[in-house]
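Me: I'm new to looking at protein models, and I'd like a close look at one small part of this one. Could you walk me through a single residue and its surroundings, and then show me how that part fits into the whole chain?

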Amino acid sequence: MKNIDDVFDDYLDGIAIIDEKGAIIRANKTACRLMGFGGQGCHGEVFPYEAQLGKKEIIKIDTLKNSEPVFLQISKNKISWDGKNSFIVKIHDITELKWTEKKLIRTTAQWQATFNAIEDLVCLIDKDNRV
């Protein structure tokens with residue numbers, strides 16, 4: 001049976017607890033990796049990203065992943081941790097989503113260019129013969 005510590009540590013997104021000065025009190029492995037600290041842990045390090053309370057923010061990281069930048073969605077909320085005002089930060093890697101979005105934009109532009117180049121009437125019909 002898993003306890004809350006196991007759930008915290010095994011969570012797929014990064015989760016970090018930081019104090020009011022920005023020092024990392026606790027973070028799971030994913031958070032440490034996404035913050036660039038690798039596998040050695042990151043307790044006591046300074047949280048490296050800016051995040052506003054209650055807002056989801058997307059940041060672009062200069063560290064490269066397969067020759068492409070890494071995109072993270074970060075959200076930060078106030079909590080009480082061991083009786084002290086602190087923050088919980090969720091870090092979600094959205095790099096693949098951004099790559100897919102970029103491909104979709106490129107494909108849409110290609111389709112649009114193709115249709116704009118054709119002088120004949122073109123319409124798309126679905127499997128039920130609807131336009």
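Reply: Happy to! Let's start with Ile24, which counts as buried because its relative accessibility is 2%, and the cut-off for buried is under 20%. Keep in mind that this is a predicted model, so every value here is computed from it.

Where is Ile24? This residue lies in strand S2. Now look at what surrounds it. Setting aside neighbours within four places in sequence, Ile24 is in contact with Ile17, Ile18, Met35, Phe37, Cys42, His43, Gly44, Glu45, Val46 and Phe47. Gly44 is a nice one to find on your screen: Ile24 and Gly44 are 20 residues apart along the chain, yet their C-alpha atoms are separated by 5.1 Å.

Next, move along to the end of strand S2, which covers 24-27. Asn28 sits in the loop between that strand and helix H2 (29-34). Is Asn28 buried or exposed? Asn28 is buried, because its relative accessible area is 0%. Its side chain reaches the backbone oxygen of Phe8 at 3.2 Å. Phe8 is also one of the residues that Asn28 touches, along with Asp9, Tyr11, Asp13, Gly14 and Ile15, again leaving out residues up to four places away in sequence.

For a contrast, travel to Arg106, which has its place in helix H3 (residues 95-117). Arg106 is partly exposed, with a relative accessible area of 45%. Try finding Ile17 again, one of the contacts of Ile24. From C-alpha to C-alpha, Arg106 and Ile17 are 39 Å apart in space, and their positions lie 89 residues apart in sequence.

Now zoom out to the whole chain. There are 3 helices and 5 strands, and from the N terminus on they run α-β-β-α-β-β-β-α. The chain is more spread out than a compact globule, because its radius of gyration is 22 Å, well over the 14 Å that the globule rule gives for 131 residues. Its C-alpha atoms fill a box of roughly 70 × 35 × 30 Å along the principal axes.

How much of the chain is buried? Of the 131 residues, 27% count as buried, and Ile24 and Asn28 are among them. As for the surface, the chain exposes about 9,900 Å², with carbon and sulfur atoms supplying 53% of that area. Among contacts between residues at least 6 apart in sequence, 30% join residues at least 24 apart. Finally, the chain has 19 positive and 20 negative charges, and the mean positions of these two groups are 2 Å apart.

Methods: Residues numbered from 1 in each chain as written. Predicted model: local features only at pLDDT ≥ 70, side-chain atom pairs only at ≥ 80, totals over all residues. Heavy atoms only, no water. Helix = DSSP H or I, 4+ residues; strand = E, 2+ residues; numbered from the N terminus. Buried < 20%, exposed > 50% of the residue type's maximum accessible area, 1.4 Å probe, protein only. Rg over C-alpha atoms; globule rule 2.2 N^0.38 Å. Contact = heavy atoms within 4.5 Å. Areas by Shrake-Rupley, 256 points an atom, 1.4 Å probe, with all protein chains shown as cover. Lys, Arg positive; Asp, Glu negative; His and termini not counted. Charge placed at Lys NZ, Arg CZ, Asp CG, Glu CD. Polar contact = N/O pair within 3.5 Å; in protein donor to acceptor, adjacent residues only side chain to side chain.
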